[in-house]
Structures are given as structure tokens and as C-alpha cells.
Amino acid sequence: TRTTLTTLTMLPLLLLLLPAAHGIAQVGPPPALAKKQLEWVTTATTFVLDQPRCVFRDYGNAVIWLVVAQDKDAFNNSAGPGTPETAFQSFPESVSAYMTLNATLGSYPCPKPAGEITVLRVGSETSCTKDVSRPTCNGPLPGPGPYWVKFLALEGSVPVAETVWSEPIMLRTAKSPNSLPAAGSGHSAGMIAITAILSILLAILLAALVATLVFCGSESCGSSTFSKPESVTVRRYNTHHVYDQPAARL
């Protein structure tokens with residue numbers, strides 16, 4: 001009876017250790033931030049990873065999940081996706097890691113088609129942030145990090161392959177107003193050069209204006225004397241010896 005009780009007590013533990021007994025294959029390379037094709041690889045709430053192309057090619061029946069963790073050592077591969085233990089809505093207060101972005105191997109063809117952008121943006125979905133009915137939400141990340149990620153392949157509920165954890169990922173942080181430089185300080189060399197050139201041009205302009213005023217102080221500069229033209233009087237003369245004479249009679 002004691003042996004039977006012990007066996008029944010150990011059975012759940014054995015079931016949890018079954019995947020480890022079979023061994024979870026380590027595949028690579030580890031997840032990494034996208035190194036090209038996108039300008040904003042990290043933001044305040046998202047980051048962009050390269051897709052795991054040609055990583056799980058031997059596991060055609062598996063579903064590949066992304067695990068995002070703040071405490072990678074606390075995550076257990078036996079924790080299934082879509083459960084309270086891996087729900088995004090509880091991260092990171094009561095959940096150390098959540099599972100999201102599930103995809104079959106068909107979503108990650110190998111080799112990748114030429115010219116195709118093969119990245120994943122983690123944290124891009126905002127509509128399900130508070131929706132507890134969607135525990136695998138790819139919601140915005142709650143802080144600057146650091147975060148660790150790995151890909152985990154499940155066949156049914158059994159983990160069969162995984163990558164190693166990534167390097168720690170830090171997100172961008174907004175600068176506080178106190179950290180911004182005060183007005184008038186920290187001018188760039190370009191601004192200083194432009195200010196100097198404008199000052200020199202202004203000095204030249206003022207010098208030219210002063211010289212013009214001094215030179216034109218005399219009457220010879222820009223002044224002309226106009227005399228009023230004398231009025232012309234046209235006298236009218238009557239010619240006394242010329243009159244209209246009646247026609248001479250012949």
C-alpha cells in the first residue's frame with residue numbers, strides 16, 4: 001500500500017520530467033536582433049528578431065513558439081502556451097515568461113525566398129493587452145528590460161526542440177526633461193560656424209553703411225541743384241502798317 005501511494009505521488013512528477021527524459025534537442029543559432037532591413041530594431045515597447053529560418057527543419061509537425069522572459073532561469077519548458085503560467089497579461093508581475101507568436105514550420109521556409117523580409121516584431125499587438133481570453137498576445141513590452149528570448153518547438157504539448165536563450169535585449173528609453181541640455185549650451189560646431197559667418201557679414205554691412213553716410217554728408221554726394229527756369233514772356237506786337245486792305249479796285 002505504501003509503495004502504491006508513493007507511485008501515485010511520483011506519477012505527476014514523472015510526467016513533468018518525461019520530456020527531459022526523452023531529451024529536448026538543442027538547435028541553433030540563438031535568436032538575435034535583426035541586423036539589417038529595418039531602421040527601428042528596438043523601440044520603447046518592441047524589438048525585431050530574425051525569423052528562425054532553417055532552424056527546426058527536422059520537426060515538420062511541430063508548432064514553434066517564441067518565449068519572452070525577464071527571468072529565464074525560472075521558465076519551465078513543460079509550461080504550456082495559453083495557460084495562466086505563461087499568459088502575457090500577467091507578465092512580469094506573476095509570470096516570469098510568456099509564450100507568443102506561434103507558427104508552423106511552413107511559416108519559416110528554408111531557404112528563404114530572395115528579397116523577402118524575414119523578421120518578427122515582438123510587442124506590436126496592442127488590442128489584446130488587457131484581454132485575458134488571449135493569453136498568447138504579442139503585446140507591448142512593459143519596460144526597458146533586459147529581456148531574453150528563445151524559440152521552443154512543441155509536438156502537441158510535448159517540447160521537442162529549442163534554441164538557447166538570446167543575449168539580453170534592452171529597449172529604448174525616453175530621455176527625461178532634466179537630462180536635456182539647457183538652452184544656449186552644447187551648440188554644435190556647425191551652429192558656431194554659421195553664427196560667426198553671419199556676424200562677419202553683419203559687420204561688413206554696417207561698415208559699408210557708415211562709410212556711405214560719411215561720404216554722403218557733403219553736398220557733392222547724391223545732391224543736385226535745380227534752378228527754377230525763368231518764365232519766358234512772349235510779347236504780342238501789332239504791326240501797325242499792316243492792315244487788311246480792301247481789294248484794290250482795278
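User: Which residue in β6 stands opposite valine 68?
Analyst: Two strands pair if DSSP finds at least two bridges between them. In this predicted model, β3 and strand β6 (residues 148-155) are joined by seven bridges and run antiparallel. In that pairing, the residue of β6 opposite valine 68 is valine 149.

User: Which residue in β4 stands opposite valine 67?
Analyst: Strand β4 covers residues 97-104. β3 and β4 run antiparallel, with six bridges between them. Across from valine 67 in β4 is methionine 99.

User: How many residues of strand β3 are buried?
Analyst: β3 spans residues 63-69. Buried here means under 20% relative accessible area. The strand is mostly covered, and of its seven residues the buried ones number six.

User: In what order do the elements run from the N terminus on?
Analyst: The chain has two helices and seven strands. A helix stands at each end of the order, with the strands between. Written out, the order is α-β-β-β-β-β-β-β-α.

User: What share of contacts between residues at least 6 apart in sequence joins residues at least 24 apart?
Analyst: A contact needs heavy atoms within 4.5 Å. Take the contacts in the chain between residues at least 6 apart in sequence. The share joining residues at least 24 apart is 70%.

User: What part of the exposed area do carbon and sulfur atoms supply?
Analyst: Buried residues make up 27% of the 250 residues in the chain. The chain exposes about 17600 Å². Of that area, carbon and sulfur atoms supply 61%.

Note on methods. Residues are numbered from 1 along each chain as its sequence is written. This is a predicted model: local features need pLDDT of at least 70, side-chain atom pairs count only at pLDDT 80 or more; totals for chains, interfaces and linings use all residues. Side-chain values use heavy atoms; hydrogens and water are left out. Buried means under 20% relative accessible area, exposed over 50%, partly exposed in between (1.4 Å probe, protein chains only). Helices (H or I, at least four residues) and strands (E, at least two) are DSSP runs, numbered from the N terminus. Accessible areas come from the Shrake-Rupley method with a 1.4 Å probe; for residues, only the protein chains shown count as cover.
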